[in-house]
Amino acid sequence: MSFNATLIEPWSGYIAQALPSPRYLFYALINIPLLAVALNALYQLLPRDRSLPPLVFHWIPFVGSAPAYGKDPIAFFTKCREKHGNVFTFILLGRRVTVALGPKGNDFVLGGKHTVLAAEDVYAPLTNPIFGKDVVYDVPNEILMEQKKFVKVSLTLDKFRAYVGMIEEEVHGFLKTDPTFLIYQMNDINEWGSFDTMKTFAEMTILTASRTLQGKEIRDNMDKGFAHLYSDLDHGFTPLHWMFEDLPLESYRKRDAAQAKMSEFYQSILRNRRASGGSDEDDVMSSLARQRYRDGRALRDHEIAHIMIALLMAGQHTSSSSTAWTMLHVAEHPEIAEALYQEQVEHFGQGEGQFRAMEYEDLKKLPVLDAVIRETLRLHPPIHSIMRKVKSALPVPPSLAAPSEDSVYVVPAGHTVLASPALSQVDPLTWKDAEKWDPARWYDQDGAAAMAQREYDEGTKVDFGFGLVSKGTESPYLPFGAGRHRCIGEQFAFLQVGTVVASLVRRLELRLDQPFPEPDYTCMMVQPKKSQIHYRRRHFD
Ligand code: HEM
């Protein structure tokens with residue numbers, strides 16, 4: 001006799017009565033979500049506490065405005081600002097995110113005290129599994145400030161001087177050997193080839209960063225497995241991994257395995273260097289090994305390893321997407337490409353396509369190159385949203401936004417606050433022809449661009465623990481952030497992007513044969529959607 005016949009059948013009548021009929025189940029499945037949507041909409045129509053910033057209307061509880069924000073955050077913020085002003089709250093997958101726009105919004109979020117506005121509470125779920133233990137957002141803010149100082153002091157002028165030549169060599173080597181540049185390699189033909197923008201600049205960026213910042217051993221291993229580890233780690237650097245800390249998916253497992261292997265790889269380099277009586281290499285890693293925390297403690301090997309991974313990740317997407325956007329604009333504007341080329345000829349030309357080597361000091365004397373990069377970062381800062389977690393209720397300054405003349409908004413503890421320099425950098429209230437890529441705006445010393453840059457560079461100086469920096473939080477132009485979390489890679493990034501662009505412009509003519517690509521907001525850093533740049537080797541006879 002079967003299991004069903006003995007146990008289930010005698011009870012089947014009762015079970016059938018106790019269970020809802022399939023028809024009821026069907027209605028429940030349809031109606032419960034509808035009810036949730038209706039109650040959620042109704043709740044939003046009820047009078048609200050007037051001290052709370054206005055809430056962006058959304059239909060689906062929990063999901064909130066995630067689809068609109070994820071698709072195009074700048075368009076979403078612009079629309080919300082038209083309706084609610086500079087400060088409003090939206091729901092992002094269950095989180096309450098209060099946005100503060102404009103230069104005063106930048107100041108409110110980036111200039112806040114870290115006891116009230118914490119970056120680590122927002123970023124740690126994404127970065128801790130990638131960087132590893134005891135660094136960056138896995139440590140109290142004072143320790144992060146010390147770690148930033150350690151990196152900053154290892155990026156000396158002497159190193160920058162050496163890096164320019166190394167980057168140029170890597171770029172030239174890439175043109176001479178990578179199959180993408182076959183047409184370049186066939187010296188005597190005069191045809192146009194093309195390359196995939198993001199893929200090419202991601203590769204060039206990791207090669208140039210590993211040759212310079214990361215050190216010899218990492219560069220030597222780039223072709224022998226390190227690139228695979230990096231790729232697995234990188235696939236864990238997505239909005240999904242940020243929003244959901246741990247899911248039973250392959251990408252999470254690969255991320256964790258790659259982190260462990262990479263950490264061990266850096267630590268083995270440190271051990272080998274010590275075993276061989278100290279390395280001759282004067283690179284960031286060896287400089288970190290010489291540093292001491294304020295309490296006299298040296299950095300442990302795993303901390304050095306994890307800081308190196310953090311630097312690799314922090315610099316990779318930001319610099320590669322910035323180079324990609326720059327080259328796309330240059331390819332779209334032959335007159336600017338020509339101005340860049342002529343600038344190279346003027347400063348370095350030795351006739352017949354021969355150029356003397358670039359030096360760090362030279363980069364500061366190339367106004368066209370400088371303006372081209374600044375203007376690209378204005379339109380395409382890689383980080384569109386800078387966020388902090390609110391630890392205790394925070395009043396909004398009335399000069400930023402207020403419900404009425406005699407009351408203020410208060411952002412409750414537990415909210416996330418968000419600033420978007422990406423929006424203030426294209427705000428028509430500040431910038432003439434705000435959406436137009438126009439490097440010339442940076443030549444006008446009395447123009448909005450120069451004023452924004454001065455506000456950023458020359459404002460009150462503060463030492464948050466990693467050396468004196470200008471506070472700069474109220475500038476409308478903040479591609480490198482501001483305040484205590486300000487980027488420490490700015491100078492290196494300018495050097496890296498500038499040298500790559502100059503090395504390419506010296507050797508290639510460029511052309512864009514397609515509509516200018518849209519930004520892809522589905523990645524962690526905004527990069528151009530799939531696109532091709534056409535190139536032809538420059539001939540000098
Ligand atoms: C912080 C942008 C390149 C290392 C930041 C922040 C921004 C930024 C906006 C502030 C984030 C926040 O306030 O939450 C950029 C751009 C780059 C670039 C646009 C290139 C074009 C680099 C490079 C490195 C680097 C090459 C490493 C050498 C860092 C570090 C922080 C930082 C360590 C500090 C994080 C903190 O204090 O919380 N960057 N970055 N960045 N960046 Fe960069």
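The following paragraphs describe the domain arrangement, two of the sheets and the surroundings of the ligand in a predicted model.

The domain assignment of the chain gives two units, domain 1 spanning residues 1-46 and domain 2 made up of the segments 132-385 and 420-537. The C-alpha centres of domain 1 and domain 2 are separated by 55 Å.

An open sheet of five strands is arranged in the order S1-S2-S8-S5-S3, and its pairing is mixed. Its edges are formed by strand S1 (87-92) and strand S3 (117-118), each of which pairs on one side only. Strand S1 is joined to strand S2 (residues 95-100) by six bridges in the antiparallel sense, and within this pairing Leu92 stands opposite Arg95 of S2. Towards the other edge, S3 pairs with S5 over two bridges, again in the antiparallel sense, with Lys389 in S5 as the bridge partner of Ala118. Strand S5 is in turn paired with S8 through four bridges, also antiparallel, and here Met387 has Leu418 in S8 as its bridge partner. Strand S5 is mostly covered, with four of its five residues buried. Helix H7 (residues 120-131) lies across S3, strand S5 (386-390) and strand S8 (416-419), and the helix runs at about 115 degrees to S5.

A further open sheet consists of three strands in the order S4-S14-S11, with antiparallel pairing. Because strand S4 (193-196) and strand S11 (508-511) each have a single partner strand, both stand at the edges, and one side of each is left without a neighbour in the sheet. Neighbouring strands of this sheet are turned against each other by 35 degrees on average, direction ignored. Strand S4 is connected to strand S14 (residues 532-537) by four bridges, the two strands running antiparallel, and in this pairing Ser194 is placed opposite His534 of S14. In general, the strands of a sheet pair through backbone hydrogen bonds, in either a parallel or an antiparallel manner.

The ligand is surrounded by 23 residues, of which Gly315, Thr318, Gly481, Cys487 and Gly489 come nearest. Helix H8 (141-154), helix H16 (301-332) and helix H22 each supply at least two residues of this shell, and the largest share, six residues, comes from H16.

Among the residues that come nearest to the ligand, Cys487 is also covered by the annotation "binding site" in UniProt, where the entry is unreviewed. Cys487 is located in the loop that links strand S10 (468-470) to helix H22 (490-507). With 19 other C-beta atoms within 10 Å, Cys487 is classed as partly exposed, because a residue counts as buried only if 20 or more such atoms lie within that distance. When residues up to four places away in sequence are not counted, Cys487 touches Phe480 and Gly481, and Gly481 is itself one of the residues that come nearest to the ligand.

How values were computed
Residues numbered from 1 in each chain as written. Predicted model: local features only at pLDDT ≥ 70, side-chain atom pairs only at ≥ 80, totals over all residues. Domains from an automatic or database assignment. UniProt positions renumbered as here; feature names shortened; annotations may be inferred. Buried ≥ 20, exposed ≤ 12 C-beta atoms within 10 Å, placed from the backbone. Contact = placed C-beta atoms within 7 Å. Pairing = 2+ DSSP bridges. Axes fitted to C-alpha atoms, helices over the stretch in contact; angles between N-to-C directions. Near = placed C-beta within 6 Å.
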